[in-house]
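Trainee: I would like a close look at one part of this model. Please take me through the pocket, and set it in the context of the whole chain.

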Amino acid sequence: MTARSVPEVPDFASDAERVVWERLREQLPDDAVLFANRRFTDADGDCEADLLVAWPDVGFVVVEVKGGHVSLDRDGRWHQSGKGGDHGVDPVRQAQRCRYALRGHLDGNPTWTGGRIRTQHLVAFPYSRVAPDVSTSDCPRWMVLDRDDVTHLARRLADAVDAGADRSLPTPGTGEVAQLVDCLVGRPVAQRDHVAGEVEARGAAVDLLTQRQAAVLDHISLLPRVEVRGGAGSGKTWLAVEQARRFAADKMRVALLSYSRGLAMYLRERCDLLSARQRPAYVGTFHGLGLEWGAKPGADDDPVYWEDELPRAMTALAADLPDGERFDALVVDEGQDFDDTWWPALLAGLREPGRLVVFADEGQRVFARAGRPPVDLVPIPLDENLRNTRQIAQAFSSLVPTQQRIRGGDGEAVRFVPCSSEDALDTADEMVDELLERVGYEPHHVALLTTGRRHPVQREGQEEGHDVYWRDFFDARSTFYGHVLGFKGLERPVVVLAVNGFGSGDGAERAREKLYVGLSRARDLLVVCGDPRLIRSAGGDGVARRLGIR
């Protein structure tokens, strides 16, 4: 275990501070953060905390360190003696002042949403031994860490927090710890142009990481039938476009398919940027391909047509396709969305021997389907998360089917705003307003997603038709309002997730999968609004702990 240090290599004023820092860094868990020489300002001016410990499930602890020999006289005053002689000190007052300055800083910081958190102040004398019965009215013995405590500082610190007056307050989760880092070393209120620049810079960075994933496609170039399996953030959609581009560049007739209309439109937007010789012959939804083959259209609200009748009609139509209209290769994104009855239609449209590359995430089966291609596929795993920040990736890490290495870098803390399911939409709207008006994000940076009933803005947009509605996703003037069911494979820099229920029937049974999708759609910043009990029920203790839910 090694705690994160801020700064990574501090410049200490004394060897005593360095010793305490080293021991705490060794003994604290790796999800704790250890600040050194952190300055605060209160009504009396500036003060400095020698060390500040932010420990999930324990608290925020200010530690004032004094070297040399420290003793308490009969009048209750502390003295420090060393090379500079003997002089009076007031370490308790220094630590206490920094503790309350920290609290005041968080109370007044618009980016802090954690409320009041359990805090404590302690004093550490690593070169002195303090008798067990030594105490004052403002410093009971348990607040003092002495030479005998150096080998188990972290345990003593946790015990002291538990004994403190703030023990009735909640302890921080990993979300509050990460948010504390943002509040102390990040921007207090971002300027719009600065935010936009950061969004663009991070987008370029994750795109570069994702492009390096193309090496996976080199490894599978000789395999005719492949399933690339990866969790959220692994770059599957980017790879799907790149695989289709490579097939087309090799003079193959290629179809690039998905189930979702939104994802299909995104794929078309990406492919429209390619040269004509690298562009797939078909980019769109599975069902849209059937209409191109001549199937009769059906009503949007007729599930029997889309799930059964159209796929059967497509299989018959594919059998009669002329050779020039068949495909040399099929690339399927979000393949877990495809039903058993759909694959025969696709395979019937392939020329022999035909190439098939499927990109899928079993953790995102949010529909009442359990389809698999009726052919053997060579499984290729993607075990890295490249597109989410570390904070976001950790929030849904317990929901990913296979463990991922997180390479997307640090970002802002995931924010959890507790509210009832009934109030989740209104709360999410308020958070969107704050992000746009106070923090400085642009509308096209933000998406508001729901898990239950759709947002009124989404319902209004869909009344104008699905193509019109999804064009808003690419409109630089618009915040996008959507549902997790239609947002798989897509992302925005910022997502505000309204956990407003999970529906009924099969929808409720897939609450875990819906939550997984919702938590993973943000690239840079995630804000979650909802009922803590519902989120724990759907996502388990892992998600609850990462969001700071107790």
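Mentor: Start with the whole chain. The model is predicted. Its protein chain has 18 helices and 22 strands. Along the principal axes, the C-alpha atoms fill a box of roughly 100 × 45 × 40 Å. The chain has 550 residues, and 57% of them count as buried. Take the contacts between residues at least 6 apart in sequence: 72% of these join residues at least 24 apart. The accessible surface comes to about 23,400 Å². Carbon and sulfur atoms account for 48% of that surface. Charges come next. There are 69 positive and 86 negative ones, and the mean positions of the two sets are 3 Å apart.

Now the part you asked about. The largest pocket holds about 990 Å³ of space. Its lining is made up of 33 residues. Five of them are the closest to the pocket centre: Tyr259, Ser260, Arg261, Asp300 and His466.

Next, see which elements build the lining. Helix α8 spans 261–272, and α8 gives the largest share, five residues. Several other elements each supply at least two residues. They include the strand β12 (282–285) and the helices α9 (286–292) and α10 (303–319). Further along the sequence, α14 (456–462) and α15 (466–471) do so too. Link this back to the centre. Arg261 is among the residues closest to it, and position 261 is where α8 begins. His466 is also in that central group, and position 466 opens α15.

Do not confuse this pocket with the cavities. The structure holds three cavities of 30 Å³ or more. The largest cavity has a volume of about 70 Å³. Its lining includes Phe60, Gly115, Arg116, Ile117 and Thr119. Leu102, Arg103, Leu106 and Asp107 line it as well. Helix α2, residues 91–107, gives the most to this lining, with four residues.

One more site is worth a look: Asp149. Find it in the loop between β9 (144–145) and α3 (153–163). Asp149 counts as buried because its relative accessible area is 7%, and the cut-off for buried is under 20%. Set aside its neighbours within four places in sequence. Asp149 is then in contact with Val144 and Arg156. Val144 sits at the start of β9, and Arg156 falls within α3. The loop residue therefore touches both of the elements that flank it, given that contact means heavy atoms within 4.5 Å.

Definitions and conventions: Residues numbered from 1 in each chain as written. Predicted model: local features only at pLDDT ≥ 70, side-chain atom pairs only at ≥ 80, totals over all residues. Heavy atoms only, no water. Buried < 20%, exposed > 50% of the residue type's maximum accessible area, 1.4 Å probe, protein only. Areas by Shrake-Rupley, 256 points an atom, 1.4 Å probe, with all protein chains shown as cover. Lys, Arg positive; Asp, Glu negative; His and termini not counted. Charge placed at Lys NZ, Arg CZ, Asp CG, Glu CD. 1 Å grid on protein atoms, 1.4 Å probe; cavity = no way out; pocket = protein on both sides within 12 Å on 5 of 7 lines; lining within 4 Å. Points joined across faces, edges and corners; volume = space filled by probe spheres on them.
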